[in-house]
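Dear colleague,

Please find below the sequence and structure that I am handing over to you. My notes on what was found follow directly after.

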Amino acid sequence: MAKPVAIILLNWNTPVHTANCISSLLQYCDEHLFDIIVADNGSTDNSLSILQDQFPDLIYIDNHENLGFAEGNNRALAYSIEKGYAYSLVMNTDTLVDEDIVVKLSAHLNDHPEAAAVQPAIYWMHNKTKIWNGKGGFNRLLGLFASDRTPPAKDDFDNYENADWVTGCCMLMRNTVLEKCGMFNKQFFLYYEDVELSFRMRGAGYQVHYLPACKMYHEAGASGIAKVKGKEGILSPVIHYYVIRNNIWVLRKYGNKLCYPVYIIVRGFYYLSLFIYFKLRGRNEKAGYLIKGLKDGLFTPKNLIWPVNK
């Protein structure tokens, strides 16, 4: 009989981060409750062999190529569903735990059948008193997605909150809901795939929860930050493409059409300011990706983003 939880770690050229994450899970979490699935997205640094040598008892999936966060995780989610796990815990590899998050998150879903997914309070790795990601919210009037980074008060630790979305940095999902609603939309590739899936789950009548009593730590951006600062800065230019394009895609499907003019003004001012900043700093590649993200975000047909047979 399968353990209740499959922990899914998607590795792409970050074997040290992934190994540290695995070690913290094995140290603090009850291994009777979970198996760890490491999916490798075509790493070019021998990651898979390194991790297999260090942790031979884990489950490994070789995706052979960089499928992005969405489809890379989907391969492991499909395995989790096929093998009969009740829950799938998707986690970023640049995270650490110092408590049993598996017990806390799975117990929450056990007690709350109305919830499709739950996330913990995620604190910064470098400052463990400040929250990187808390309750996910969506302002339908302005078209803005934000995370409440207010540290929970002591009397909030026994409570949970309904969220608009939960983050793929750490989200425990009910596999029966994934079978009904589908997994991450692979067209998103990277960024906002977690928001889109959260909205899809909520559209099917489920809730997604934020559980501040459960915590973990995140470095943030380990695979997208250059080791040496170059002309384009330290953040990979292509990240701006996916963030901008996918933000627009989500607003096109889940935003309020009556508020589209507001979205255009609010986001348009931001993107114009960002474009000017990139040009003034000589970051022409980032400026190019910004324009491409806007173009593909606005004009990609919906039937290509959300195929009917998806």
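Two strands are taken to pair if DSSP finds at least two bridges between them. Please bear in mind that this is a predicted model.

On that basis, strand S12 (residues 207–218) has several partners. Strand S6 (residues 115–124) is joined to S12 by nine bridges, and the two run parallel; here alanine 115 stands opposite glutamine 207. Strand S10 (residues 161–163) pairs with S12 in the antiparallel sense over three bridges, with glutamate 161 opposite tyrosine 210. Strand S5 (residues 95–96) is likewise antiparallel to S12, through two bridges, and leucine 96 of the model faces tyrosine 217 in S12.

Is strand S12 mostly covered or mostly open? Strand S12 is mostly covered, as nine of its 12 residues are buried.

Turning to the nonpolar interior, the largest core comprises 35 residues. Those with the most contacts inside this core are Ile7, Leu25, Ile36, Leu89, Met91, Ile101 and Leu105. A second core, separate from it, has 25 residues, including Ile8, Ala70, Ala163 and Leu178. In soluble globular proteins, nonpolar side chains tend to be buried together.

Which residues does leucine 89 touch, leaving aside those up to four places away in sequence? The contacts of leucine 89 are Val5, Ala6, Ile7, Ile8, Ile101, Val102, Leu105, Cys170, Met171 and Leu172. Among these contacts of leucine 89 are Ile7, Ile101 and Leu105, which also appear in the list of residues with the most contacts inside the largest core. Ile8 is touched by leucine 89 as well, although Ile8 is included in the second core.

Helix H8 (residues 260–280) deserves a separate paragraph. Tyrosine 260 lies in this helix. Because its relative accessibility is 26%, tyrosine 260 counts as partly exposed, the buried class being under 20% and the exposed class over 50%. Apart from residues up to four places away in sequence, tyrosine 260 touches Leu251 and Arg252. Tyrosine 260 and leucine 141 are 119 residues apart in sequence, and their C-alpha atoms are 8.8 Å apart in space.

Leucine 272 is also found in helix H8. Together with Ile276 and Leu280, Leu272 forms a nonpolar patch on the surface. The accessible area of these residues together is about 330 Å².

With kind regards

Methods:
Residues are numbered from 1 along each chain as its sequence is written. This is a predicted model: local features need pLDDT of at least 70, side-chain atom pairs count only at pLDDT 80 or more; totals for chains, interfaces and linings use all residues. Side-chain values use heavy atoms; hydrogens and water are left out. Helices (H or I, at least four residues) and strands (E, at least two) are DSSP runs, numbered from the N terminus. Buried means under 20% relative accessible area, exposed over 50%, partly exposed in between (1.4 Å probe, protein chains only). Contact means heavy atoms within 4.5 Å. A nonpolar core is a set of buried Ala, Val, Leu, Ile, Met, Phe, Trp, Tyr and Cys residues joined through side-chain atoms within 4.5 Å. Patches are made of residues with over 30% relative accessible area and no salt bridge: like charges are joined within 9 Å, nonpolar side chains (Val, Leu, Ile, Met, Phe, Trp, Tyr) within 5 Å. Accessible areas come from the Shrake-Rupley method with a 1.4 Å probe; for residues, only the protein chains shown count as cover. A salt bridge is a side-chain nitrogen of Lys or Arg within 4 Å of a carboxyl oxygen of Asp or Glu.
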